[in-house]
Amino acid sequence: MKRMVIITFLWLCCGISATSQIITSLQGKVFEASKENPLKGVLITIKNTAIVTETSINGYFFIQNIPTGNQVLVISIEGFETQKIIILIQKNEKIDLGVIYLYPLIEEILETSIVFLSDDDLLGDGDRSSDNIAGLFQSSKDTYLKAAAFNFGQVWYKVRGYDSRYGTISINGIQMNKLYDGRPQWSDWGGLNDAFRNQDFTNGLAPSEITFGGVLGTTNFNTRASDYQEVSKISLSATNRSYTGRIMATYASGMNKNNWAFVVSGSRRMADEGYVDGTSYNAWAAFLAAEKKLNNNHSLNVTAFVAPNRRGKSSPNTQEVFDLKGYKYNAYWGMQEGDKRNSRIKEIVEPVVMLSHFYKKENTTLQTTLAYQFGHIGNSRLGFFNAQNPDPTYWKYLPSGYLRFEDNLDYANAYLAEQEFLENGQLDWNELYEVNVNNGNSLYYLYEDRVDDSQIMFNSTVNSILSSTINLNAGVSFQNLSSENYANMLDLLGGSGFEDLDQYAEGEAQQNDLNNLDRFVGVGDKFQYNYTINATTISGFAQLQFTKPKLDYFIGMNVKNTAYQRDGLYKNGTYSTNSFGKSEKVSFTDYSVKGGFTYKFTGRHLVNINTAFVSNAPTIRNSFSNSRVNNAITPDLTSEKIITCDVSYLLRLPKIQARVSAYYTKFSDAIETSFFFAEGLLGDQADFVNEIITGVSKKNIGTELSIEYQATPTIKLLGAVGFGQFTYNNNPQLYLQSESFTDENSDFGTAYLKGYHLSGTPQRAYSLGFEYRDPNFWWFQINTNLVSNNYVDISPLLRTDNFYTDADGVPFIDDETGVEVTQEQVNSLLIQEKFDDAFLVNLVGGKSWLINGNYAGFFLGINNVLGELFKTGGFEQSRNANYPELKQDRQLKKPIFGSKYWYGNNTSFYLNVYVRF
């Protein structure tokens, strides 16, 4: 396979002819769409060339001496949306584009959506924080993709069911996807909306000039100072979402007479309490870009940015907790000295510095960037040792805990527990302090799971027009990461110290570090676990794009080497022989190839087909089975393979733009990991376990519809449909690791997952929108949206033989029938929960004024106008790991260990006022 791909690629390269630069001409007129008046002074450029002109008083422009081949015509003027048109330039051809319409710049629509996504939804809790894909599509012009980002994003919709790690996010060519889990950390540039507005987006498998990309697509943020429109801007915002207020200021100088360009931007976002109870928000952001044009061929650009963010998290809750406290309830906070104190705070401070070199000559551009990122991510939580669980939603504190057994229904205490939870139901910080003071040493403490990263990154990309019909894109990348991971003591909560022991172990196994026995920990000390991960990646890609009058096609390939190694700094008592020192070094070499073509029946009717084979190395998270306490490598560790293809029909009429697509994607050899407490293991064992599933196969199939109808110069109708089916496609292998098992990775056999639905996204989504743009610069857009087929995340452990067989391997006896449990009984108990459909109405509108050459305006966005209550996600608890225990729990009126859910926001708003001068 690899040899065939390489031979095919080299054969295509050999057919390349010499560069040709034939004189030709291009002309057209630029009009304002809403008034159909000609626009004077519109800047007309050919991307990556020195060609530039302006329109005359009647909107006319004429350029010549254009290099042959595929060229990008850029049409821009302040106050209007920039147009980019791809044009095939051929020998001795005179091209008349006719009238090109520009629409008034309604930057507020984009601004609103970016604010709603990047500053809010993309900052969710836990893994969900970076798994939302909406930010990837915010710059797309496709109606369906815009709906996926701006309308479906509030329900955590994933285009084609793909996680965010399958999309490539880069800044100046430097990939920003984390090596730990493959997902971008959007918070690293949160609050810098103006600074990160220049984006190049490619959807799905379409070719990118910057990188090979992922199956979800690519977004490259360009921070070259000279590419920013000269502007000074100040904006103020008010909202009732994650934060309540924001102030942002931006200045871009443009290229001055000394060949310098500067961009400075900063913001502040804050909230004592966000939309969910007890969720504080405190964030700053700063950005600087400076470019020096050395000569006509060379420029240097320095970029530096940082976005410190500190915010309170919110808890997922069971149905019982929701019924008692509502969807805004958050178990993570409690009152202390008159203030709400959240025990789970996420803090991110990861500055980035970049140096970029730009080279341009004739038909070739070269961009090289060297970057350094450092800083930390901390996630705080309460810990306790030989003390009662402080979680107010712990099952023993809820009414259902007293109604667990039919032969011992304690209604009196159930009532008292209900009243206590209704009246209080929050963390009791005062009690925690009191227990510690009375005990001396801390039985309760506040700590954070801390990650201190430092990485050097390099990327160099060349784009060259080889001939009138062939473009070459190629690049190399390098990343080197040093990541220190440890538990950091934040607060002893009134105690004098904490003895660093594992309360779930016995004897020598209690010691978290055998090299420092019975160590007492103070504030600021490392404890529990401490290790570093060293990771290196080296990759190279090459891509050829061919342009013919009737047919465009491309082929690209990518080669990447990835290596990881753990270095344990503690000698864990449970894993004394395999925790201290360096682990085995794991290394992967992955080959990927993709290609596609577009056949143009006419300029208005096109068919596009793309296909790819992609191999992705496992992430750091998936490569080590339990990296906090030992050096063990995940069993059956191998690269994930993806086979995918899509077919699209595109319609381009003067008033109608439409796309219909069908896609098929198969994921193989994937790995999934999770941590939880389980009872009923191997019969009657209970322990905190790490679950590892290997060899996972998934299948994603579906169709997409995107349509836009310009009914009048001021009225536009929008439609979008995503109709998918995302399921597990095999029965993978499941392993558990815990202190109860002598083996590092205990094989629990097959997990019967085939046919179950993948979670984390609605699989069906529909949107219908109406947009009005008045010539007097006021506008509004209303969208109605329906999302469905969203499923709870299933527990793989419940779908193994352990679930229905006792320790001796014999099936459990059903307490009602008196005979062995049947497969039908198991299947009925494990039916996957499907969430209710959600109907959401969103409204956005605004007004802008031109005053003495300066712009002022506002916009107001309202999401979920009708106040629909809906679940955005949830997961089955794995605590009841066998049939008798789960059946007993499910038969309760209020299951104790039922699924936990996240809920979407009720009606929320975002108001922004701005001035540009």
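Is Lys-698 buried or exposed, and what is its relative accessibility? In this predicted model, Lys-698 has a relative accessibility of 12%, so it counts as buried, the limit for that word being under 20%.

**Salt bridges**

Lys-698 has a charged partner. Its side chain forms a salt bridge with Glu-672, and the closest N and O atoms of the two are 2.9 Å apart. The pair links distant parts of the chain: Lys-698 belongs to strand β36 (residues 685–710), while Glu-672 belongs to strand β35 (residues 656–681), and 26 residues separate them. The count of salt bridges in the model comes to 31.

Another of these contacts joins Lys-887 and Asp-814, with 2.7 Å from N to O. This pair also connects distant parts of the chain, since Lys-887 is in helix α10 (residues 883–890), Asp-814 is in the loop between β41 and α9, and the two are 73 residues apart. Lys-887 and Asp-814 are both buried.

Glu-708 and Lys-716 meet through their side chains in a salt bridge as well, at 3.4 Å from N to O. Glu-708 has a relative accessibility of 16% and therefore counts as buried. Lys-716, at 9%, also counts as buried.

The three pairs are set out below.

| Salt bridge | N to O distance |
|---|---|
| Lys-698 and Glu-672 | 2.9 Å |
| Glu-708 and Lys-716 | 3.4 Å |
| Lys-887 and Asp-814 | 2.7 Å |

Salt bridges can also join into a network. Asp-142, Arg-160, Asp-646, Arg-659 and Glu-704 are linked in this way.

**Residues with a positive phi**

Arg-160, a member of that network, has another feature in its backbone. What is the phi of Arg-160 near? The value is near 60°, which is positive, and the residue is not a glycine. Most residues other than glycine have a negative phi. Arg-160 sits in the loop between α4 (143–150) and β9 (167–171). With 8% relative accessibility, Arg-160 counts as buried.

Asn-789 is another residue with a positive phi that is not a glycine, and its value is about 55°. The place of Asn-789 is the loop between β41 (778–788) and α9 (823–829). Asp-814, from the salt bridge with Lys-887, is in the loop between β41 and α9 too. Asn-789 counts as buried because its relative accessibility is 11%.

Glu-362 also has a positive phi, of about 50°, and lies in the turn of a hairpin. That hairpin is formed by β23 and β24, with 2 residues between the strands.

**Strands that pair with β24**

The hairpin leads to the pairing of its strands. Strand β23 (residues 352–361) and β24 run antiparallel and are joined by 10 bridges. Within this pairing, Ser-356 stands opposite Thr-369 in β24.

Strand β24 (residues 364–384) is also joined to strand β22 (residues 345–349), by 4 bridges and in an antiparallel direction. Here Ile-348 stands opposite Ile-377 of β24.

How many bridges are there between β24 and strand β25 (residues 444–465)? These two strands pair over 21 bridges, in the antiparallel sense. One of the residues involved is Gly-378, whose bridge partner in β25 is Arg-450.

**An open sheet of four strands**

A mixed pairing is found elsewhere. An open sheet is made of 4 strands in the order β10-β9-β12-β11, and its pairing is mixed. β10 (174–175) and β11 (199–203) stand at the edges with a single partner strand each, so each has one side without a neighbour in the sheet. Inside this order, β9 and strand β12 (residues 217–221) run parallel and are joined by 5 bridges. Ile-171 stands opposite Phe-221 in β12.

**A negative surface patch**

The last topic is charge on the surface. Which residues form the negative surface patch? Glu-420, Glu-423, Asp-428, Glu-431 and Glu-434 form it. Two helices, α6 (411–423) and α7 (429–439), each supply at least two residues of the patch. Glu-434 is in helix α7. This residue has a relative accessible area of 51% and is therefore exposed, the limit for that word being over 50%.

Notes. Residues numbered from 1 in each chain as written. Predicted model: local features only at pLDDT ≥ 70, side-chain atom pairs only at ≥ 80, totals over all residues. Heavy atoms only, no water. Patch = residues over 30% accessible without salt bridge, like charges linked within 9 Å, V, L, I, M, F, W, Y side chains within 5 Å. Areas by Shrake-Rupley, 256 points an atom, 1.4 Å probe, with all protein chains shown as cover. Salt bridge = Lys/Arg side-chain N within 4 Å of Asp/Glu carboxyl O. Lys, Arg positive; Asp, Glu negative; His and termini not counted. Charge placed at Lys NZ, Arg CZ, Asp CG, Glu CD. Buried < 20%, exposed > 50% of the residue type's maximum accessible area, 1.4 Å probe, protein only. Pairing = 2+ DSSP bridges.
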